Amino acid sequence: MWFSSITLGFILTLLISTTNAITNKKQISKNIINDFISLQNQARAALRVPPLVWDPRLARYAETYASQRRQDCLLKHSNGPYGENIFWGSGNGWNPAQAAAAWVGEQRWYTYGSNSCNGGQECGHYTQIVWKTSRRIGCSRVTCFQGRGVFMICNYDPPGNYIGEKPY
């Protein structure tokens, strides 16, 4: 069996291109993971709560649910077995760090002493992020069909936000 130098060159080029594409995809994935969890772990560190660790099983769960929301982009929870934060933004320029910043930003509305949100504001995303017993996280981002925006979700295990319990 023989191969021409052109055929070998083509195969070698294809192999290198495929390897680079796989490496780039892994790098993008690491960047996306970091964008989702960096701010969340900073909020936890400020309270001396252990950091969240990326969990591929939770990420698959989040990806499956986000794919379902791609059709309508509704800001609707999955009602699954995990703690959950969801985000929607119009347009397609939203990134994971912006979703995490919106959730962490709810800290300003949370009062630890009364374990409540001030002035009827939302702070449950923040309390889920800093929930002391949550250890694992998995997230996903999708661009919704027909320009309906971006939907993002993070799932936490074990879940938090139990009524009457403080997050930390």
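**Exercise 1. Work out which cysteines pair in this predicted model, and give the disulfide pattern.**

Step 1. The structure holds 3 disulfides.
Step 2. List them. Cys73 bonds to Cys144, S to S 2.2 Å. Cys117 bonds to Cys123, with the sulfur atoms 1.9 Å apart. Cys139 bonds to Cys154, S to S 2.1 Å.
Step 3. Count the bonded cysteines along the chain. The pattern is 1-5, 2-3, 4-6.

**Exercise 2. Assign a handedness to each disulfide from the torsion about its S-S bond.**

Step 1. Cys73 and Cys144 show about 65°, so this disulfide is right-handed.
Step 2. Cys117 and Cys123 show about -85°, so this one is left-handed.
Step 3. Cys139 and Cys154 show 105°, and their link is right-handed.

**Exercise 3. Decide whether Cys117 and Cys123 are buried or partly exposed.**

Step 1. The cut-off for buried is under 20% relative accessible area.
Step 2. Cys117 has 31% and is partly exposed.
Step 3. Cys123 has 2%, so Cys123 counts as buried.

**Exercise 4. Place Cys139 and Cys154 in the strands, then trace the strand partners of Arg136.**

Step 1. Cys139 lies in strand E5 and Cys154 in strand E6, so the disulfide ties together parts 15 residues apart in sequence. Both cysteines are buried.
Step 2. E5 (residues 136-143) and E6 (residues 150-157) run antiparallel. They are joined by 8 bridges.
Step 3. Arg136 has Asp157 as its bridge partner in E6.
Step 4. Arg136 in E5 also stands opposite Val53. Strand E1 (residues 53-54) runs parallel to E5, with 2 bridges between them.

Methods. Residues numbered from 1 in each chain as written. Predicted model: local features only at pLDDT ≥ 70, side-chain atom pairs only at ≥ 80, totals over all residues. Heavy atoms only, no water. Pairing = 2+ DSSP bridges. Helix = DSSP H or I, 4+ residues; strand = E, 2+ residues; numbered from the N terminus. Disulfide = S-S within 2.5 Å. Buried < 20%, exposed > 50% of the residue type's maximum accessible area, 1.4 Å probe, protein only.
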